[in-house]
Amino acid sequence: MTKPSPSDELIFLPLGGSNEIGMNFNLYGYGPEEARKWIVVDLGITFGDQTTPGVEVILPDPTFIEAYADDILGIVLTHAHEDHIGAVAWLWPRLKAPVYATPFTAFLLREKLREKGLLDEVHITEVALGGSIELGPFELELITLTHSIPEPNGLAIRTPLGTILHTGDWKIDPDPLLGAVTDAAAIRRLGDEGVLAMVCDSTNVFVDGVAGSEGEVRVAMTKLIGSLKGKIAVGCFASNVARMDTVIRAAEAAGRRVCLVGRSMHRMAAAAKSVGLMKGTAEFVSEKEAGYFPESTILYLCTGSQGEARAALSRIASGTHPHITLGKGDHAIFSSRVIPGNEVSIRALQNGLADRGVRLYTERDHPGIHVSGHPCRDELKQMYQWARPQIAVPTHGERRHLLEHAALAKDLQVPMTVTPRNGDMVRLAPGHPSIIDEVPAGRLYVDAGVLTPENGDALKQRRHAAFNGALTVSVVLDAKGKLVSGPQVRALGLPGDEEYPLDDALDDLADEAEQAIRKIPGEDRAFDEIVEQAICRVVKKGAYRIWERKPMVEAVVLRI
């Protein structure tokens, strides 16, 4: 490795995943500012919520690094969760850098690229577990970790100014069932060599103890499934292949065949089998065939544990699934946690199933049926003891997580900490770590298949209408501006009552709009824009008087 020049700097720049859980997008830069080279570590998505009506997928904004696309040496993916790889197919055309991933992650990424018509354009290099990558001044070594998906990797990023351990998502699982255990020896060797900085997962920093093992879940799930009669549906994250494997083997031990329900389940099963996982299990039963099996000999392994509206479990709960029904005497097991923000949708899903007579089993009443994929406090302490970094850089957490993680690191005698927000450019070396710049780090919304800015007009209008309602006023004028018909006022999302029915309120607004038109000077009535502005002004004022709201108002002027 070459010696650093006096102007070289080692930079960490999160553009997603810091001050939030999800949408991971991390940059590492090396060299003088005018000739800096970059690598991207992960490029993920997050999901919409009630504040983003109509938007399900949200991407990090790559505007800053897009300007330096020619200086990106590679996009390195730590593992295959959506919040780490989900944005690649959307944003790769703006970055156009080679991609590096282990075989399981590469399999799933190719499926995404195929859907976008990019499979033949993106150069993907498969890297073996424990393998290495050389990208300019960066020498990367993959460190085998354990998580809730196959082939999770930490990255040892060696540079002339020091080594960074980027953990990605991880836990310490002594019995992960699929894949190897955490390579503690490799992390200790890094610690012996000297780790400048550790950029580390903060998700469970408030949780004492350890996350628990997938081996423990298999014991609990086998016992529970074996004790039940009637049909069983199990909801879990499809990406947790070890959990899928557990459910399948527990079902087979109980004399049940397994039906995969949901596209993600089939995709993950195919990816797992492509790398030699899930061996020795029976053929899956199709959804159409499953209905012919005796009720106590079938198990449905379903997507939708978070209450997603179009996923399998929600369709079963609403009675709209074309092949699968659950009712009295049947069971639904939720082998997953509640992701913050999904509480309402999950409650609705579980109430829908309960209303059909389905008995529910969750981690609250059966704690052994789920464990987290992220490190709790004792695991974080162990990682710091192994790696012994000079600088702690908490990531993958909300602000409170990052600050608590930094406090824990200080308690563990880590000399320096820095807690960047998305867009904070951190100089890790030379010198004391510090935030030296702030760059744009917004979001892009996938709205009806179109990438739109975070504060785009379409979503602003949709939010406004969702909270305040909408009014449409139509009027017909002749060529001279004489009123021929209307105004007619139509409402969306606005109330009325017995004392003041909605129709009466709309008639009053129509009268006010008519008066506003008549007050416009004759020559000005020839201009649609002047008429529309007059109508909107008076109707908005009248709407606030009636409802104390500010609905969207659209005026339509027709000419004959």
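**Exercise 1. Identify the residue of S3 that is the bridge partner of Gly29, and describe how S3 is placed among its neighbouring strands.**

*Solution.* The bridge partner of Gly29 in S3 is Trp38. The model examined here and in the exercises below is a predicted one.

Step 1. The pairing of Gly29 with Trp38 belongs to a set of 6 bridges between strand S2 (residues 25–31) and S3, and the two strands run antiparallel.

Step 2. The connection is a hairpin, with 5 residues between S2 and S3.

Step 3. S3 also pairs with strand S6 (residues 72–76), through 4 bridges and in a parallel sense. In this pairing, Val41 of S3 stands opposite Val76 in S6.

Step 4. Burial is considered last. Of the 7 residues of S3 (residues 37–43), 6 are buried, so the strand is largely enclosed by the rest of the structure.

**Exercise 2. Determine which residues of helix H3 are buried, and why they line one face of the helix.**

*Solution.* Step 1. H3 covers residues 88–95, and its buried residues are Val88, Ala89, Leu91, Trp92 and Leu95.

Step 2. Viewed down the helix axis, these buried residues fall within an arc of 165 degrees; therefore they line one face of H3.

Step 3. Immediately after H3 comes Lys96, whose phi is positive, at about 50 degrees.

**Exercise 3. Establish whether Gly397 is buried or exposed, and state which residues it contacts beyond its sequence neighbours.**

*Solution.* Step 1. Gly397 is found in the loop that links strand S19 (391–395) to helix H13 (399–411).

Step 2. The relative accessibility of Gly397 is 0%; because the cut-off for burial is under 20%, Gly397 counts as buried.

Step 3. With neighbours within four places in sequence set aside, Gly397 is in contact with Gly17, Ser18, Asn19, Glu20, Ile21 and Leu402.

Step 4. A further spatial relation involves Asn204: 193 residues separate Gly397 from Asn204 in sequence, while their C-alpha atoms are 8.7 Å apart.

**Exercise 4. Characterise the protein chain as a whole by its secondary structure, extent, burial, contacts, surface and charge.**

*Solution.* Step 1. The chain contains 16 helices and 27 strands. Along the principal axes, its C-alpha atoms fill a box of roughly 85 × 75 × 50 Å.

Step 2. Of the 560 residues, 53% are buried. Among contacts between residues at least 6 apart in sequence, 72% join residues at least 24 apart.

Step 3. The exposed area is about 24,700 Å², of which carbon and sulfur atoms supply 50%.

Step 4. The chain carries 59 positive and 74 negative charges, and the mean positions of the two sets are 3 Å apart.

Key. Residues numbered from 1 in each chain as written. Predicted model: local features only at pLDDT ≥ 70, side-chain atom pairs only at ≥ 80, totals over all residues. Heavy atoms only, no water. Buried < 20%, exposed > 50% of the residue type's maximum accessible area, 1.4 Å probe, protein only. Arc of directions from axis to C-beta. Contact = heavy atoms within 4.5 Å. Areas by Shrake-Rupley, 256 points an atom, 1.4 Å probe, with all protein chains shown as cover. Lys, Arg positive; Asp, Glu negative; His and termini not counted. Charge placed at Lys NZ, Arg CZ, Asp CG, Glu CD. Pairing = 2+ DSSP bridges.
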